[in-house]
Amino acid sequence: YEKDYFIGGSTSWANIKGLLEDNIEGINIHEQGSYNAQKVDVWGISDKNLFLQANEVLRSKTTPFFAIIQTSDNHRPYTIPKEDMEEFKTVTFPDDSLTKYGFQNNEELNAFRYTDFCFQKFMESAKKEKYFENTVFIFVGDHGIRGNAGDMFPKAWTNNALTAFHVPLLFYAPALLKPERHTMISSQVDILPTIAGIAGIQYTNSTMGRDLLHLTDTNSNTAFFIDHDVRNIGVVHGKYMFQHQILNNEERLVSITDNEPVSKENAVAISNYMRELTLGFYETSRYMLFNNSKTVRK
């Protein structure tokens, strides 16, 4: 597969270019300065123009491709380009309504709405191209937002910062996938195996993810997370979230489905099991960092 990475700004940010080129052989990087579109803020060109510019590249492909388009317009400063203001209409809601649904202000809300608008423009353009029928589009967030989830989720989502790891995941391919919704626990490491499964490709999985649509395997899914801000590691498994503090070994076990405390008779056994999962994921990932060769596997 040809490999392309698109970003509206510069890949010098966070050493993205070095990371990608050192780990992905033959990758084509598209960034600020290579587009026929005007920069709108610190993030580069708008997400709408980023999608349209990417579509111009993808429509010219004659061989299979794997492409990542990294958006940014739902980040501060929440810029909505003047060129889109006639078609994209902003909305205004009172502060109590914004807070109820997890938004700090109308600028943030409209930036998220503008992201949806950009997705729409991309899909409208892609549907006109030959590659659309045989392409799987995956929409996923790179991270969530730490903050107050209000009454939309149990209290642990706010108190234990589970919102920071909660992101949308959508696989869209009308010619290949029927509409359906799944509720198994999953994480970003599951995305690549799932894509390979949808594509029908034989592969060796040398990571910790699994094919989410291989449904017989997903009932016992566990999602590992690491919270760099507070040095927590942990897992979400079943109805529970387990956190282990790396610096002082403090641990917490909370329910993610309701506000009831975990019963004392079950807490010890559940904590012991989830501690093993947490440390197993953590130590395996550290081992793989140095021992999981990127040699091509057949």
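Which strands do the buried residues of α7 pack against? The buried residues of α7 pack against β6, β7, β8 and β9. Before we look around, note that this is a predicted model, in which local features need pLDDT of at least 70 and side-chain atom pairs count only at pLDDT 80 or more, while totals for chains, interfaces and linings use all residues. Residues are numbered from 1 along each chain as its sequence is written, and side-chain values use heavy atoms, with hydrogens and water left out.

**The helix α7**

Helix α7 covers residues 264-291 (helices are DSSP runs of H or I with at least four residues, strands are runs of E with at least two, and both are numbered from the N terminus). Its 28 residues should span 40 Å at 1.5 Å a residue, and its end C-alpha atoms are 40 Å apart, which agrees. The expected span here is 1.5 Å times one less than the number of residues. The buried residues of α7 are A267, I270, S271, M274, L277, T278, F281 and Y282. Buried means under 20% relative accessible area, exposed means over 50%, and partly exposed lies in between (1.4 Å probe, protein chains only).

**The second largest pocket**

Two of those strands, β8 (240-245) and β9 (251-255), also appear in the lining of the second largest pocket. Rolling a probe the size of a water molecule over the atoms shows where empty space is left. A pocket is an open set of points on a 1 Å grid over the protein atoms alone, where a 1.4 Å probe fits and protein lies on both sides within 12 Å along at least five of seven lines; lining residues have an atom within 4 Å of a point. The second largest pocket holds about 170 Å³ of space. Its volume is the space filled by probe spheres set on the points, which are joined across faces, edges and corners.

There are 13 lining residues, and V230, N232, Q243, Q245 and R252 are the closest to the centre. Strand β8 gives the most to this lining, with three residues. By type, the lining has two nonpolar, six polar and five charged residues. Here Ala, Val, Leu, Ile, Met, Phe, Trp, Tyr, Cys and Pro count as nonpolar, Asp, Glu, Lys and Arg as charged, and the others, Gly among them, as polar.

**Loops worth a visit**

Two loop residues other than glycine have a positive phi:

| Residue | Phi | Loop |
|---|---|---|
| R231 | near 65° | between β6 (222-227) and β7 (232-237) |
| N249 | near 65° | between β8 and β9 |

R231 counts as partly exposed because its relative accessibility is 37%. L247 is found in the loop between β8 and β9, and L247 is exposed, with a relative accessible area of 64%. L247 and N232 are 15 residues apart in sequence and 8.5 Å apart in space, C-alpha to C-alpha.

Now for the loop between β3 (65-70) and α3 (95-100), where P77 lies. The peptide bond from R76 to P77 is cis, with omega near 15°. T79 lies in the loop between β3 and α3 too. The side chains of T79 and D41 are joined by a polar contact of 2.7 Å. A polar contact is a pair of N or O atoms within 3.5 Å; within protein, one must be able to donate a hydrogen and the other to accept it, and residues adjacent in sequence count only if both atoms are side-chain atoms. Setting aside neighbours within four places in sequence, T79 is in contact (heavy atoms within 4.5 Å) with V40, D41, D73 and Y114.
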